[in-house]
Amino acid sequence: MASPDLILLHAPSVYDFRGKSILYGPVSDLVPSTPVFEMYPIGFTTIAEYLERHGLRVRIVNLAVRMLQDPNFDVERYLASLDAAAFGIDLHWLPHAHGAIEIARLVKRLHPRRPILFGGFSATYFHEELIQHPEADFVVRGDSTEGPMLDLMRYIRSGGAAQPRVGSAEERQLVRIPNLIWKDAEQNARVNPLTYSPENLDDILLDYTYVLKAVVRYRDLTSFIPFRAWLKYPITAALSVRGCRYNCVTCGGSACAYRALHGRQRPAYRKPEDLASDIRRVGQFSRGPIFVLGDIRQAGDGYANRFLDAISGYKKPIFIELFDATPPDFFRRVARALPNFTVEISLESHDDHIRQAFGRPYTNQAIERTIDDALEAGCQRLDLFFMTGLREQTYESVMGTVDYCERLLARYAAQGESRVIPFISPLAPFVDPGSRAFEDPNRYGYKFFRRTLEDHRQALLEPSWKYVMNYETQWMNRDQMVAATYEAGRRMNQVKAKYGVIEPDVAAATEKRIVRAVALSAEIDRIVRIGDPAERHARLRELKPQVDCANLSTVCDKRELELPLQQSGVNLLRAGHIVASEWWRGLVHAPEKT
Ligand code: SF4
């Protein structure tokens, strides 16, 4: 089989996590990934689809999933067996700062003549530092890199050098690629202007048909799996927007972060009718839920109405998220269009003042009315998310949040209502670079222990999440934050059991895990105080089996987030049919040639 033009590699958070003893803590309890953050960014799928549409061949390899699924998976041997004109590595979420760079080193050693490309939010933020790494040939900045990636891949495919001579024709070609960071033959970093920032998402397609076809083409399902448990619970994302209108203090995806990092002046929306088609296409092969990323009301009521008209009658489970309270009739419209909808709302804190200081504009009163409207309209479930690590939030305030949840659940239980489910988790391990808190810590009451990419790369090797965290606040230090998170998780678990939100056996297992995690955290604190590095290392190694057991679902059971599925999630017959018809269409309409 011919080598692809580009192989996109997704690394685990820490390479090689399998040999390390790290208590990751509850950092991934509320996302589908495990703590090695094996889920690859959506950009992999949109870039791959875009390049394929323009005649290039792209393969995605989720190394993190492969390493999780097979403890004996030999990364080096596997990478040596691959080849492509170029290798791309995502450095989107900062928790990949270690794994992404280590994988790049390995690829560079095994394929010294192949250029290595980096992209993603963290690569964008740290582009000047990243390009200094000898294994980084190119960094593509921005929130939308499909266009520059196509230009760059055409350059590489035409034989263009990774580090062209100054004054050469190749140099003149690279200078013209927007958003690109590169090195010339004299090892000078060259930063092209960030001018590619499309105003809408009309030209990108989150089309998982590409993934289905590529699975067949490379006879490799494992490498394309987005996260370890996906085949059991195939939740799939649909993208409504790049950018955001809000400015939550710690968010690297906020309006001001998008402006500063990606040159984005306003959010780029997917056309509502196209968003509906994206969802229907996934629904052809998946019975799993679809999560619509971005509040569909963000672009205004007109957008939400057009989307709801276009998606009307879609009966499979669908998650929508809200960034604000809604007017009373909103959920009636949602329920008419999407009879199987679930709602996610982030309250962050029970305290209106703390929530608003974080950047969320709504009050408890407004959101409780919204919850009532959603329940009355018939939502399947309503998940409420709270967080530790907020500005102005103390230990007592975190406990107050759990008390608030208890009052809420008691009220709904009295009405025979069990669809409201609260969750609490820490803002960890990192506050996002580019966020207001990271850029102006004094103003927002944050203190940072890590500032550079290298700082964060090193931090990821610390033995527990307390030491990995890049911040503490004026109101809680890291010890208090860890203590508050575990205690809030324990109390929330008890409250959920008391009001029948979770089964007693699930609650008992979670309680046990929290108690064990607290004990391990204390034990690691004792070990890090040991002066002799060899003894410290040996003691941490001894703890590894217990640490590994404590690393999944700490403050809640991850499965609490899942919706029950009637049938197995992926319709393989239907997927096969889609691949066959796409293959036939491909024969009839050959792709545009480079
Ligand atoms: S956390 Fe706030 S700023 Fe960030 S994407 Fe969500 S609503 Fe926007």
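User: What makes a residue of the protein chain count as buried, and what share of the 594 residues gets there?

Analyst: The cut-off is under 20% relative accessible area. In this predicted model, buried residues make up 60% of the 594 in the protein chain. As for what is still exposed, that comes to about 23,600 Å², with carbon and sulfur atoms supplying 50% of it.

User: How do you know whether the protein chain is as compact as a globular protein of its length?

Analyst: Put the radius of gyration against the globule rule, which is 2.2 Å times the number of residues to the power 0.38. The rule gives 25 Å for 594 residues and the chain comes out at 24 Å, which is close, so the chain is as compact as a globular protein of that length. Its C-alpha trace spans about 70 × 65 × 45 Å along the principal axes, and the chain holds 24 helices and 17 strands. Of the contacts with a separation of 6 or more, 75% are between residues 24 or more positions apart.

User: Why do strands S2 and S7 count as edges of the sheet?

Analyst: Look at the order first: S2-S1-S3-S4-S5-S6-S7, seven strands in an open sheet with mixed pairing. S2 (58-62) and S7 (189-191) each have a single partner strand, so one side of each has no neighbour in the sheet. On average, neighbouring strands are turned by 20 degrees against each other, ignoring direction.

User: What makes S6 and S7 a pair, and what makes S3 and S4 one?

Analyst: Pairing needs at least two bridges. S6 (residues 180-183) and S7 have three and run antiparallel, with Ile 181 opposite Val 191 in S7. S3 and S4 have four and run parallel, and there Gly 88 stands opposite Leu 117 in S4. Those two pairs show both senses of the mixed pairing. Also in this region, helix H1 (residues 42-53) lies across S1 (6-10), S2 and S3 (86-90), at about 160 degrees to S2.

User: Which way do the residues of strand S4 point, and are they buried or exposed?

Analyst: In S4 (residues 116-119), Ile 116 and Phe 118 point one way while Leu 117 and Gly 119 point the other. All of them are buried.

User: What makes strand S14 mostly covered?

Analyst: Just count: eight of the eight residues in S14 (residues 381-388) are buried. Arg 381, Asp 383, Phe 385 and Met 387 point one way, with Leu 382, Leu 384, Phe 386 and Thr 388 going the other way. S14 also pairs with S13 (residues 341-348), in the parallel sense over six bridges; there Ser 346 has Phe 385 as its bridge partner. S15 (residues 420-426) is joined to S14 by seven bridges, again parallel, and Met 387 is partnered with Ser 425.

User: Why is helix H10 called largely enclosed?

Analyst: Six of the eight residues of H10 (residues 255-262) are buried, so the rest of the structure largely encloses the helix. The buried ones are Ala 255, Cys 256, Ala 257, Tyr 258, Leu 261 and His 262. Their cover includes helix H5 (121-125), strand S9 (241-242) and helix H17 (436-439). Just after H10, Gly 263 has a positive phi of about 65 degrees.

User: Why is the Tyr 269 and Tyr 303 pair called tilted?

Analyst: Ring centres have to lie within 6.5 Å, and tilted covers planes that are neither under 30 degrees apart nor over 60. This pair has 5.8 Å centre to centre and 50 degrees between the planes, and that fits tilted. Tyr 269 sits in strand S10 (residues 268-269) and Tyr 303 in helix H12 (residues 301-311), 34 residues apart, and the pair links distant parts of the chain. Tyr 303 has 10% relative accessibility, so it counts as buried.

User: And what makes the Phe 330 and Phe 331 pair edge-to-face?

Analyst: Edge-to-face needs over 60 degrees between the planes, and here the angle is 65 degrees at 5.1 Å centre to centre. Phe 330 has a relative accessible area of 0%, so it is buried; Phe 331, also at 0%, is buried too.

User: How many aromatic pairs are there, and which residues form one aromatic cluster?

Analyst: The count is 17 aromatic pairs. One cluster is formed by Tyr 125, Phe 126, Phe 438, Tyr 446, Phe 448 and Tyr 471.

Note on methods: Residues numbered from 1 in each chain as written. Predicted model: local features only at pLDDT ≥ 70, side-chain atom pairs only at ≥ 80, totals over all residues. Heavy atoms only, no water. Axes fitted to C-alpha atoms, helices over the stretch in contact; angles between N-to-C directions. Contact = heavy atoms within 4.5 Å. Buried < 20%, exposed > 50% of the residue type's maximum accessible area, 1.4 Å probe, protein only. Areas by Shrake-Rupley, 256 points an atom, 1.4 Å probe, with all protein chains shown as cover. Phe/Tyr/Trp six-rings, centres within 6.5 Å; stacked < 30°, edge-to-face > 60°.
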